[in-house]
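Me: Please take a close look at the salt bridges in this model. I should like to know which side chains take part and where they lie.

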Amino acid sequence: MRDPETVETELMEISAIADDIVKFERIVAWCASHPDEVPFALHQLMNQRERRSSKTSSNQPR
């Protein structure tokens, strides 16, 4: 596997794409080009989603 920072940078660049179709195409191409890094990418995505959820829930009034 390549350097995790490189992988993360590529994923961030893809996530910044506004057009959903282009973003989807880039994700598919990235997964096809780096199949051994897909589990790492999914793990990163899940961690980001968990961090966002915890920030949102901690900012909500109780």
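Reply: The following account treats the salt bridges and the residues that form them. The model is predicted, and the protein chain has a mean pLDDT of 86, with 89% of its residues at 70 or more. Confidence varies among the elements: helix 2 (residues 20-33) has the highest mean pLDDT, 95, while helix 3 (residues 38-59) has the lowest, 79. Where pLDDT is low, the predicted coordinates should not be read in detail.

The count of salt bridges comes to 2. In one of them, the side chain of Arg2 meets that of Glu10, with an N to O distance of 2.7 Å. In the other, the side chain of Arg2 meets that of Glu37 at 2.8 Å, again N to O. Arg2 is located in the segment before helix 1 (4-15), whereas Glu37 belongs to the loop between helix 2 and helix 3. The pair therefore ties together parts that are 35 residues apart in sequence.

The partners Arg2 and Glu37 may also be described by their accessibility. Glu37 has a relative accessibility of 2% and therefore counts as buried, the limit for that class being under 20%. Arg2 has a relative accessible area of 27%, so this residue is partly exposed.

Taken together, the salt bridges share partners and join Arg2, Glu10 and Glu37 into one network.

Methods:
Residues numbered from 1 in each chain as written. Predicted model: local features only at pLDDT ≥ 70, side-chain atom pairs only at ≥ 80, totals over all residues. Heavy atoms only, no water. pLDDT = per-residue confidence, 0-100. Helix = DSSP H or I, 4+ residues; strand = E, 2+ residues; numbered from the N terminus. Salt bridge = Lys/Arg side-chain N within 4 Å of Asp/Glu carboxyl O. Buried < 20%, exposed > 50% of the residue type's maximum accessible area, 1.4 Å probe, protein only.
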